[in-house]
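Me: Could you walk me through this one? I'd like to go over the metal site and the charged pairs.
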Amino acid sequence: MHARAVAPATALLGAVALLLPVVDSPAATGVRPALVAHRGASARAPENTLAAVDAAAGLGVAWVENDVQRTRDGELVVVHDESLSRTTDVEEVFPGRSPWKVKDFTAAEIARLDAGSWFAPAFVGTRVPTLTQYLRRVELHHQKLLLEVKNPELYPGIEQQTLKVLGDEGWLDRRHRGRLIVQSFSADSLRAVHDLDPAVTTGLLGRPAVADLPACARFADLINPSHVSLSPEYVSAVHATAGPHGRPLRIFVWTVDDAALARSVAGFGVDGLITDQPDVVRQALASP
Ligand code: G3P
Ligand code: CA
């Protein structure tokens with residue numbers, strides 16, 4: 001819990017807060033800020049693959065971030081872009097299917113794609129994981145997950161479906177809740193997640209105006225902006241706002257890959273740094 005001043009919460013909110021798990025707060029771990037491997041350790045392995053999860057685990061990084069979308073036949077898969085072109089060999093395997101959107105391919109078709117050779121020869125044969133496969137790998141490593149619902153406007157009902165998969169895999173039980181944050185750039189999507197399961201910790205991507213923070217705090221536990229145009233005053237304003245569980249909003253900032261930038265942003269008092277280079281950032285923060 002931050003020592004900063006917080007708008008008074010109601011007695012009811014306070015009671016509810018006591019019953020809810022705290023998501024790996026820097027104060028709880030003794031580490032400030034938390035490090036999140038963006039799309040997995042994506043400077044070391046192809047982004048959003050099981051290899052990137054493994055790479056993050058190999059670096060001893062507790063948190064991984066990913067991006068979830070949906071195939072034509074309704075499977076949730078982990079991939080960042082709306083199109084499969086940049087991170088797979090889809091143009092070679094399916095040459096007549098431009099613009100190669102995730103939503104236009106079946107899960108079986110996507111499972112045939114190579115999602116590693118674009119990154120480095122060592123990763124040839126790496127696949128686009130389903131969300132289920134991804135969750136199981138994160139669980140195997142005892143990691144924590146910052147799950148982004150990507151492009152939700154393309155996938156009606158993806159919030160409910162994502163929660164269903166998370167629940168089926170055990171990620172909504174008390175033991176896991178402190179290891180999970182669901183985030184999105186879409187306020188509507190995040191509000192839907194919160195309404196469907198208010199106990200899930202949620203993060204709103206972007207930088208809402210300070211005047212809008214109380215409205216965001218009805219459904220978001222974190223505000224996760226780009227480091228660009230971030231200021232200590234903005235971080236303080238976020239921390240001074242109570243979230244839906246009666247605790248101060250927290251702030252995870254992306255994408256911080258440079259040592260000097262990491263030191264600067266950490267000095268603002270942010271709670272998390274989302275980075276492609278967690279080893280570089282960790283080293284930077286260890287030796288100011
Ligand atoms: O977690 C923050 C970051 O992932 C948001 O941007 O485009 O990498 O999904 P993007
Ligand atoms: Ca993302």
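Me: Are Glu65 and Asp67 buried or exposed?
Reply: Both Glu65 and Asp67 are buried, where buried means under 20% relative accessible area, exposed over 50% and partly exposed in between, with a 1.4 Å probe and protein chains only. This is a predicted model, in which local features need pLDDT of at least 70, side-chain atom pairs count only at pLDDT 80 or more, and totals for chains, interfaces and linings use all residues. Residues are numbered from 1 along each chain as its sequence is written, ligands are numbered from 1 in the order in which they are written, with chains lettered from A, and side-chain values use heavy atoms, leaving out hydrogens and water.

Me: Which residues are the protein donors of the calcium ion?
Reply: Glu65 (OE), Asp67 (OD) and Glu148 (OE) are the protein donors of the calcium ion (ligand 2), at 2.1 to 2.3 Å from it; donors are N, O and S atoms within 2.8 Å of the metal (3.2 Å for Na, K and Ca), and sites may look incomplete because water is not among the atoms.

Me: Switching to salt bridges, how many are there in the whole structure?
Reply: A search finds 16, counting a side-chain nitrogen of Lys or Arg within 4 Å of a carboxyl oxygen of Asp or Glu. Asp67 also takes part, meeting the side chain of Lys150 at 3.9 Å, N to O.

Me: Where do Asp67 and Lys150 sit?
Reply: Asp67 belongs to strand E2 (residues 63-70), while Lys150 is in the loop between strand E4 (144-149) and helix H7 (158-168), so their pairing ties together parts 83 residues apart in sequence. Helices (H or I, at least four residues) and strands (E, at least two) are DSSP runs, numbered from the N terminus.
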